[in-house]
Amino acid sequence: QVQLVESGGGLVQTGGSLRLSCAASASISSFLTMNWYRQAPGKQREAVATITSGGSTNYRDSVKGRFTISRDNAKNTVYLQMNSLKPEDTAVYYCNARQDIVNHYWGQGTQVTVSS
């Protein structure tokens, strides 16, 4: 089994920054993509950022220019640097590893709260 453990969430004021970490129990280079999702109360889970094994990145429009996804293969860790945070960024953030179109793995989530 593959375990993903997120950390780095917390309470921050509007305009502040946080860096989320996702530590994997397996080599992250073995996955097609590593991803960050988020889910706010009463809303659907939505994709935030993705990074491929080749290093290509993609972001949802609402976080472009503010969030950066990166990886450290030697540490089996994926990061999400979040700058210029807004109240609408408040959600539980989940790490996701995509092995193929069928198989994927999820972390337990970490809470991010942005106050006005």
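The exercises below, each with a worked solution, concern a predicted model.

**Exercise 1. Strand β4 and its two partners**

Determine which strands are joined to β4, how many bridges join each of them to β4, and whether the strands run parallel or antiparallel.

*Solution.* Begin with the strand itself: β4 covers residues 33–39, and 6 of its 7 residues are buried, so that the strand is mostly covered.

Next take β5, which spans residues 46–52 and is joined to β4 by 6 bridges, the two strands running antiparallel. Within this pairing, Met34 has Ile51 of β5 as its bridge partner. The connection between the two strands is that of a hairpin, with 6 residues lying between β4 and β5, and in the turn Gly42 adopts a positive phi of about 75°.

Then turn to β9, residues 91–98, for which 7 bridges to β4 are found, again in an antiparallel arrangement. Here the bridge partner of Tyr37 is Tyr94 of β9.

As background, strands of a sheet pair through backbone hydrogen bonds, in either a parallel or an antiparallel manner.

**Exercise 2. The polar side chain of Arg38**

Decide whether Arg38 is buried or exposed, and find which side chains make polar contacts with its side chain.

*Solution.* Locate the residue first: Arg38 belongs to strand β4. Its relative accessible area is 6%, and because the limit for a buried residue is under 20%, Arg38 counts as buried.

The side-chain contacts come next. The side chain of Arg38 is joined to that of Glu46 by a polar contact of 2.8 Å, and it also makes a polar contact of 2.9 Å with the side chain of Tyr93.

**Exercise 3. The open sheet and its edges**

Work out the strand order of the open sheet of 4 strands, and explain why one side of β1 and one side of β7 have no neighbour in the sheet.

*Solution.* The order is β1-β3-β8-β7, and the pairing is antiparallel. The strands β1 (4–7) and β7 (67–72) stand at the edges and have a single partner strand each, which is why one side of each is left without a neighbour in the sheet. If direction is ignored, neighbouring strands of this sheet are turned against each other by 15° on average.

For the β1 edge, the pairing can be followed in detail: 4 bridges join β1 to β3, with the two strands antiparallel, and Leu4 stands opposite Ala24 in β3.

A residue of β3 completes the picture, since Ser21 is placed in this strand, which covers residues 18–24. At 16% relative accessibility, Ser21 counts as buried. Its contacts, leaving aside neighbours within four places in sequence, include Val5, Trp36 and Val78.

**Exercise 4. Aromatic pairs**

State how many aromatic pairs a search of the whole structure finds, and classify the pair of Phe31 and Tyr105 and the pair of Tyr37 and Trp106 from their ring geometry.

*Solution.* The search finds 3 aromatic pairs. For Phe31 and Tyr105, the ring centres are 6.0 Å apart and the planes stand at 65°; since an angle over 60 degrees is required for the edge-to-face class, the pair is edge-to-face. Phe31 is in the loop between β3 and β4, whereas Tyr105 is in strand β10 (residues 104–106), so the pair ties together parts separated by 74 residues in sequence. The burial of the two partners can be stated as well: Phe31 is buried with a relative accessible area of 4%, and Tyr105 is partly exposed with 23%.

For Tyr37 and Trp106, the centres lie 4.9 Å apart and the planes are at 65°, so this pair too is edge-to-face. Tyr37 is in strand β4 and Trp106 in strand β10, so parts 69 residues apart in sequence are tied together by the pair. Trp106 is partly exposed, its relative accessible area being 31%.

The last step is to look at the surroundings of this pair: ring pairs link Tyr37, Tyr94 and Trp106 into a cluster. Arg45 lies over the face of Tyr94, at 3.9 Å from the ring centre, and over the face of Trp106, at 4.6 Å from the ring centre.

**Exercise 5. A contact across the chain**

Find which polar contact distance separates the side chain of Thr14 from the backbone oxygen of Ser115.

*Solution.* Thr14 lies in the loop between β2 (10–13) and β3, and at 43% relative accessibility Thr14 counts as partly exposed. Although Thr14 and Ser115 are 101 residues apart along the chain, their C-alpha atoms are separated by 5.8 Å. A polar atom of the Thr14 side chain lies 2.8 Å from the backbone oxygen of Ser115. Beyond residues up to four places away in sequence, Thr14 also touches other residues, among them Leu85, Pro87 and Val114.

Definitions and conventions: Residues numbered from 1 in each chain as written. Predicted model: local features only at pLDDT ≥ 70, side-chain atom pairs only at ≥ 80, totals over all residues. Heavy atoms only, no water. Buried < 20%, exposed > 50% of the residue type's maximum accessible area, 1.4 Å probe, protein only. Pairing = 2+ DSSP bridges. Contact = heavy atoms within 4.5 Å. Axes fitted to C-alpha atoms, helices over the stretch in contact; angles between N-to-C directions. Phe/Tyr/Trp six-rings, centres within 6.5 Å; stacked < 30°, edge-to-face > 60°. Lys NZ or Arg CZ within 6 Å of the ring centre and 35° of its normal. Polar contact = N/O pair within 3.5 Å; in protein donor to acceptor, adjacent residues only side chain to side chain.
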